[in-house]
Amino acid sequence: MKVLEVRERFGLDQLLQGERPDPQPGPGQVLLHMHAASLNYRDLLTVQGQYNPKQPLPLIPCSDGVGEVAAIGQGVERVGVGDLVTPIFAQRWIAGEPTQTRLRSTLGGPHDGTLAQQMVVDAESVVRAPKHLTHEEAATLPCAALTAWSALVSLGSVKAGDIVLVQGTGGVSIFALQFALLLGARVIVTSSSDAKLERVRALGAWETVNYRTQPDWGREVKKLSGGAGVDLIVEVGGSLTLPQSLAAIRPGGMIALIGVLSGRTGDLNLAPILMQQIRVQGVFVGSRERFEAMNRAIEQHRLRPAVSRIFPWEEARPAFEHLASGEHFGKICIRVD
Ligand SMILES: NC(=O)c1ccc[n+]([C@@H]2O[C@H](COP(=O)([O-])OP(=O)(O)OC[C@H]3O[C@@H](n4cnc5c(N)ncnc54)[C@H](OP(=O)(O)O)[C@@H]3O)[C@@H](O)[C@H]2O)c1
């Protein structure tokens, strides 16, 4: 089978096509014929050697994708041949709390990922794709969508009437906007681009702020919320955006710490966190159980992921470069079949 792999050294120019033996499913496993994969910021860092410099090579990158069950191993009853499924991000996190073992069972590093014509995974570690979605749309769900769902629903308990602040217009953030709207929340979105802010308004955003032209956007967001502050923040920026988030959040509100795009260390005044009883909640994707709950909501509301651009297999490197450029809105996909 054809794969894309980082073979001997890290770097986008080291993402090479290779051949591997066709895998066979063992007992309890399924063979997937992959149709599409989808990129996350983590995949870019992984290929560049910045996510885990100790990652053994070769590695097939990318955690997210969708494929058809082509064969099942002995004892498999959860899915059948012909089902369209997505492998879950953390293969051993089926339900319950995160553990070290569960958190280390992720695709696209340390385990081989979805940029392959075929994959063998445990039947317990896949979920059925929502029926109304295209292959590319379904491929976007395992990491970005589930992270947004975990932040808003599983850990954040957002409810109708709440005000949610979403930073940026990348994969996680657009899912967070869509889920927050589905829950009946009002959503404020920040972006570096006025054109992207127009697009989020068309999707239903309540208010928007350009964080580039308004570097102290925290106060502006608080004002837009009516002065009380927002209930929940989808924090993808990290060290440089956290002080602004602390200015925008209401007392008792929650900051869902998801990404560190602007940096992971820095000076931070911790006092507001305790004086205003703010909850800073780390989020790491989620379990299969949450994924299945999310898919039920996606099907019920016929929600469609925002796919920014689809690249053919031969243009995997330009797809990663497009992600690095930050020009995208929502998700970038790669066609596998
Ligand atoms: N913890 C987890 O489980 C988890 C899961 C998924 C992703 N993540 C992390 O979450 C972050 C986003 O991932 P993604 O895949 O959604 O990335 P992405 O699709 O590449 O989105 C990045 C977007 O974030 C916005 N952005 C960049 N720098 C920013 C800053 N300093 N302040 C505010 N917004 C900024 C930009 O939006 P505009 O172009 O609109 O300005 C950019 O397009 C990454 O750090 C990723 O590693 C974590």
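So, the side chain of D64 makes a polar contact with the side chain of S63, at 2.8 Å. I should say right away that what we're looking at is a predicted model. D64 sits in strand β4, which covers residues 64–72. Is D64 buried or exposed? Buried, because its relative accessible area is 0%, and the cut-off for buried is under 20%.

Who's around it? Leaving out residues up to four places away in sequence, D64 touches A36, A37, S38 and N40. The list carries on with F89, T114, A139, T140, P142, C143 and A144. Take C143 from that list: 79 residues separate D64 and C143 in sequence, yet their C-alpha atoms are 6.6 Å apart in space.

Okay, on to the cores. The largest nonpolar core has 50 residues. Which of them have the most contacts inside it? That would be L152, V164, F179 and M294. Helix α4, residues 141–154, gives this core its largest share, with 9 residues. There's another core lying apart from it, with 35 residues, and A37, L39, F311 and V336 are among them. You've heard A37 already, as one of the residues D64 touches.

Let me stay with V164 for a second. Not counting neighbours within four places in sequence, V164 is in contact with L152, V158, A180, A185 and R186, and also with V187, I188, L232 and V234.

Now look at A176, in helix α5. It counts as buried, because its relative accessibility is 0%. Again setting aside neighbours within four places, A176 is in contact with A148, L152, V166 and V234. So L152 and V234 turn up for A176, and both were on the V164 list too. If you want a distance to check on screen, the C-alpha atoms of A176 and I163 are 12 Å apart, with their positions 13 residues apart along the chain.

Next up, the ligand. How many residues are around it? There are 26, and T169, S191, S192, Y211 and V283 come nearest. By type, that shell splits into 12 nonpolar, 13 polar and 1 charged. Helices α4 and α5, the second of these being residues 171–182, each supply at least two residues of the shell.

There are three distances to oxygen atoms of the ligand I'd like you to find. From T169, a polar side-chain atom lies 2.6 Å from a ligand oxygen. From K196, again a polar side-chain atom, the distance to a ligand oxygen is 2.8 Å. With G171 it's the backbone: an N or O atom there lies 2.8 Å from an oxygen of the ligand. And how much of the ligand does the protein bury? Taken alone, the ligand exposes 920 Å², and 88% of that is buried by the protein.

Two of those nearest residues, S191 and S192, lead us to N210, which touches both of them. N210 also touches S193, D194 and L197, leaving out residues up to four places away. With D194 there's a side-chain to side-chain polar contact at 3.0 Å. A polar atom of the N210 side chain also lies 3.1 Å from the backbone nitrogen of T213. N210 is in strand β10, residues 207–210, and it counts as buried because its relative accessibility is 7%.

Last topic, backbone geometry. As background, most residues other than glycine have a negative phi, and most peptide bonds are trans. Here are some places to look at with that in mind.

Where are the cis bonds I've marked? One runs from L57 to P58, with omega near 0 degrees, and P58 lies in the loop between α1 and β4. That's the strand D64 lies in. Another joins G109 and P110, with omega about 0 degrees, and P110 is in the loop between α2 and β6.

Then there are positive phi values. S157 has phi near 50 degrees, and V285 has phi near 45 degrees. S157 is in the loop between α4 and β8, while V285 is in the loop between β13 and α10. Which of these is buried and which exposed? S157 counts as exposed because its relative accessibility is 51%, and exposed means over 50%. V285, at 6%, counts as buried.

Technical notes: Residues are numbered from 1 along each chain as its sequence is written. This is a predicted model: local features need pLDDT of at least 70, side-chain atom pairs count only at pLDDT 80 or more; totals for chains, interfaces and linings use all residues. Side-chain values use heavy atoms; hydrogens and water are left out. A nonpolar core is a set of buried Ala, Val, Leu, Ile, Met, Phe, Trp, Tyr and Cys residues joined through side-chain atoms within 4.5 Å. Buried means under 20% relative accessible area, exposed over 50%, partly exposed in between (1.4 Å probe, protein chains only). Helices (H or I, at least four residues) and strands (E, at least two) are DSSP runs, numbered from the N terminus. Contact means heavy atoms within 4.5 Å. A residue is near a molecule or strand if one of its heavy atoms lies within 4 Å of it. A polar contact is a pair of N or O atoms within 3.5 Å; within protein, one must be able to donate a hydrogen and the other to accept it, and residues adjacent in sequence count only if both atoms are side-chain atoms. Accessible areas come from the Shrake-Rupley method with a 1.4 Å probe; for residues, only the protein chains shown count as cover. Ala, Val, Leu, Ile, Met, Phe, Trp, Tyr, Cys and Pro count as nonpolar, Asp, Glu, Lys and Arg as charged, and the others, Gly among them, as polar.
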